[in-house]
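The following exercises are meant to be worked with the sequence and the model open side by side. Try each task before reading its solution.

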Amino acid sequence: MPLVTTKDQTQLYVKDWGEGRPVVLIHGWPLNSDSWEYQAVRLAESGHRVVAYDRRGFGRSGQPFQGYDYDTMADDLDTVMRELDLKDAAIVGFSMGGGEVARYMSRHEGRNVRAAGLIASVAPGMLKSDKNPDGVTADVFEGMKDGLRKDRPEFLREFFKGFYGNKVSEGVLHWSLMMAMQASPKATLDCVDAFGKTDFTDDMNAFGVPALVVHGAKDETVPADPSGRRAARLIGQKATLKEYDDAPHGLTATHADRFYEDLAAFLK
């Protein structure tokens with residue numbers, strides 16, 4: 001099993017497929033790197049070196065009781081980049097993973113990154129505030145944590161229906177629940193606060209490379225106004241916004257072909 005060890009001795013499970021310019025794929029909550037299956041295989045087949053890892057606390061990575069904040073998780077990404085000697089790389093984050101991309105660009109000054117992707121991403125922030133009036137109120141995230149504490153399997157089973165907008169097979173729903181239940185319950189809870197309440201507004205100023213922003217207009221999990229649309233505005237001329245009119249949150253599955261083609265074209 002390929003493992004990378006972080007500064008606090010947490011072991012991260014890493015896939016490293018293919019040869020060519022590196023593309024690092026960072027998964028969403030509460031999944032793991034397997035959720036990138038469709039894009040990862042095709043990107044590797046088309047001449048990219050594809051790296052995807054399980055976030056700490058998820059999948060086959062270690063499950064420490066702490067460290068589920070974006071500074072630590074961006075440092076984990078930096079460890080993966082350094083240990084695998086990744087240079088001239090594209091880093092692409094889905095949903096929660098967009099936060100790692102944004103924080104890496106600021107905290108690690110975009111070291112060895114040539115392009116970035118924010119896919120149905122939480123950045124620049126979901127929480128409602130004076131500067132983010134279209135955001136989500138804090139009680140939504142508290143309700144999620146209450147549901148997870150009461151009956152995590154049932155909460156997540158229902159959660160994925162909206163996540164995919166009822167546009168996927170029963171097999172994909174079961175697969176997603178299987179991935180989610182591999183995760184540490186502590187990581188699952190703590191990451192609700194991380195992705196729900198972290199403000200990435202200042203991090204967006206660090207995007208000095210081309211950025212692909214993809215979001216579904218029908219995304220009810222991470223609404224487009226406070227996230228994808230606002231991210232594109234804050235990044236400015238370096239950003240390319242592609243909005244899928246009929247897409248829910250889990251567009252990597254529901255719009256797999258369209259998204260792959262957009263991502264592959266961007267990476268060229």
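**Exercise 1.** Which residue stands opposite Ala90 in β5? Place β5 among its neighbouring strands, bearing in mind that the model is a predicted one.

*Solution.* Start from the pair in the task: the residue opposite Ala90 of β5 is Val23. The strand on this side is β3, residues 21-26, which runs parallel to β5 and is joined to it by four bridges. Next, turn to strand β6, residues 113-119, which also pairs with β5 in the parallel sense, here over six bridges. In this second pairing Ala89 stands opposite Val113 of β6. Finally, follow the chain, where β5, helix α3 (residues 97-107) and β6 make up a β-α-β unit that is right-handed.

**Exercise 2.** Are the residues of β5 buried or exposed, and which of them point the same way?

*Solution.* Begin with the general pattern: in a regular strand, side chains alternate between the two faces of the sheet. Applied to β5, residues 89-94, one set consists of Ala89, Ile91 and Gly93, while Ala90, Val92 and Phe94 point the other way. Then check burial on both sides, taking under 20% relative accessible area as the cut-off; six of the six residues in the strand are buried.

**Exercise 3.** At roughly what angle do the axes of α2 and α3 cross? Classify the arrangement and describe the contact.

*Solution.* Two packed helices are described by the angle and the distance between their axes. For helix α2 (residues 70-83) and α3, the axes come within 9 Å and cross at roughly 80°. Because angles of 65 to 115 degrees count as roughly perpendicular, α2 is roughly perpendicular to α3. From α2 the contact draws on residues including Tyr70, Met73, Leu77 and Met81, and α3 contributes Gly99, Glu100, Arg103, Tyr104 and Arg107. Sorted by type, the residues of this contact comprise six nonpolar, one polar and six charged.

**Exercise 4.** Against which strands do the buried residues of α7 pack? Trace the chain through this helix as well.

*Solution.* First list the buried residues of helix α7 (residues 225-235), which are Pro226, Ser227, Gly228, Arg230, Ala231, Ala232 and Ile235. These buried residues pack against β6, β7 (211-216) and β8 (239-244). Now consider the strands β7 and β8, which pair in the parallel sense over six bridges, with Val213 standing opposite Leu241 of β8. The chain passes from β7 through α7 to β8 in a right-handed β-α-β crossover. Just after α7 comes Gly236, which has a positive phi near 85°.

Definitions and conventions. Residues numbered from 1 in each chain as written. Predicted model: local features only at pLDDT ≥ 70, side-chain atom pairs only at ≥ 80, totals over all residues. Heavy atoms only, no water. Buried < 20%, exposed > 50% of the residue type's maximum accessible area, 1.4 Å probe, protein only. Helix = DSSP H or I, 4+ residues; strand = E, 2+ residues; numbered from the N terminus. Pairing = 2+ DSSP bridges. Right-handed = clockwise from strand over helix to strand, strands pointing away. Axes fitted to C-alpha atoms, helices over the stretch in contact; angles between N-to-C directions. Parallel < 35°, antiparallel > 145°, perpendicular 65-115°, else oblique. Contact = heavy atoms within 4.5 Å. Nonpolar A, V, L, I, M, F, W, Y, C, P; charged D, E, K, R; others polar.
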